[in-house]
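Student: I would like to learn how to read a few features of a protein model, beginning with cysteines. Could you take me through them one by one?

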Amino acid sequence: MEQRGNLSEIFDSVQGEGLLVGFRQIFLRLAGCNLMCAFCDTPEARKPVSTCRVEKKPCSGEYEYLPNTLSVRDVLDVVEEMRTAEHHSIAVTGGEPLLQDDFLSVLLEELKSRSIRIFLETNSTLPEALVRVSRFVDTVSADIKISSCSGGDNRFDVNDEFFRSCQSPHLFAKIVVTEGAEKEEFLSAVEITRKSGKVESVVIQPAINRSGEVDISPGVLLDLQKSALKIHQNVRIIPPIQRILRVP
């Protein structure tokens, strides 16, 4: 059976978050998510959508719309038309892309056969799906959502299983924090990254509010980093730069 996926958009931009910040990428945003985070900046991708928006020219605001669902061949055709020597990798994001692991396992294998680097952004709650695709992924950016900031339940046990299951060459964790971040809860999340023995770095990402301002004070950020460094040796504070650059 041909695998098909539901994508909300495909576009060309720079990575705005985490350890690959600033690298040029082609973004494949898959629709559908299993969480409802309060600080979500792409709520339009929480549910499957009827059309996929495809950017015609980088940052042009000009798009064409393809009816969902898309075949693997459909996505490969768009990628091949967009891709240039300047692109570092393909960013697979969401929503939560691992909800469509059947489609991803076929798509990512095809992309890797073309020697394309793959960067996967995920909420680290679907370890079984990760096992199916991680061999095709070069770098995994895995969020740990803490309830005091996300508004949802903690899933530390499944986050732990996710990190231990990862077979990709590079793995880093990202924790989005707001002024309301509970320190002990935050440090419990950092401890998960240490126990797995696989997480290269922990990124503390300050949330950006609807006014475009950082939603946490500098003093709180620095205190969280200081405490986290007692658990994991590589902890960085990296804000999301796409809001500053005004790019998708």
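Tutor: Let us start with Cys166, which is buried, with a relative accessible area of 4%; buried means under 20% relative accessible area, exposed over 50%, and partly exposed in between, with a 1.4 Å probe and protein chains only. The model is predicted, so local features need pLDDT of at least 70 and side-chain atom pairs count only at pLDDT 80 or more, while totals for chains, interfaces and linings use all residues. Residues are numbered from 1 along each chain as its sequence is written, and side-chain values use heavy atoms, with hydrogens and water left out.

Student: Why is Cys166 not bonded to Cys33?

Tutor: A disulfide is a pair of cysteine sulfur atoms within 2.5 Å. The sulfur of Cys166 is 19 Å from the closest cysteine sulfur, in Cys33, which is too far for a bond.

Student: How should I read a strand such as β9, and which of its residues lie on each side?

Tutor: In a regular strand the side chains alternate between the two faces of the sheet. In β9, Thr139, Ser141 and Asp143 are on one side and Val140 and Ala142 on the other, and all are buried; strands here are DSSP runs (E, at least two residues) and helices are runs of H or I, at least four residues, numbered from the N terminus.

Student: What pairs with β9?

Tutor: Two strands pair if DSSP finds at least two bridges between them. Strand β10 (residues 170–177) pairs with β9 in the parallel sense over five bridges, with Ser141 opposite Phe172, and β8 (residues 118–122) also pairs with β9 in the parallel sense, over four bridges.
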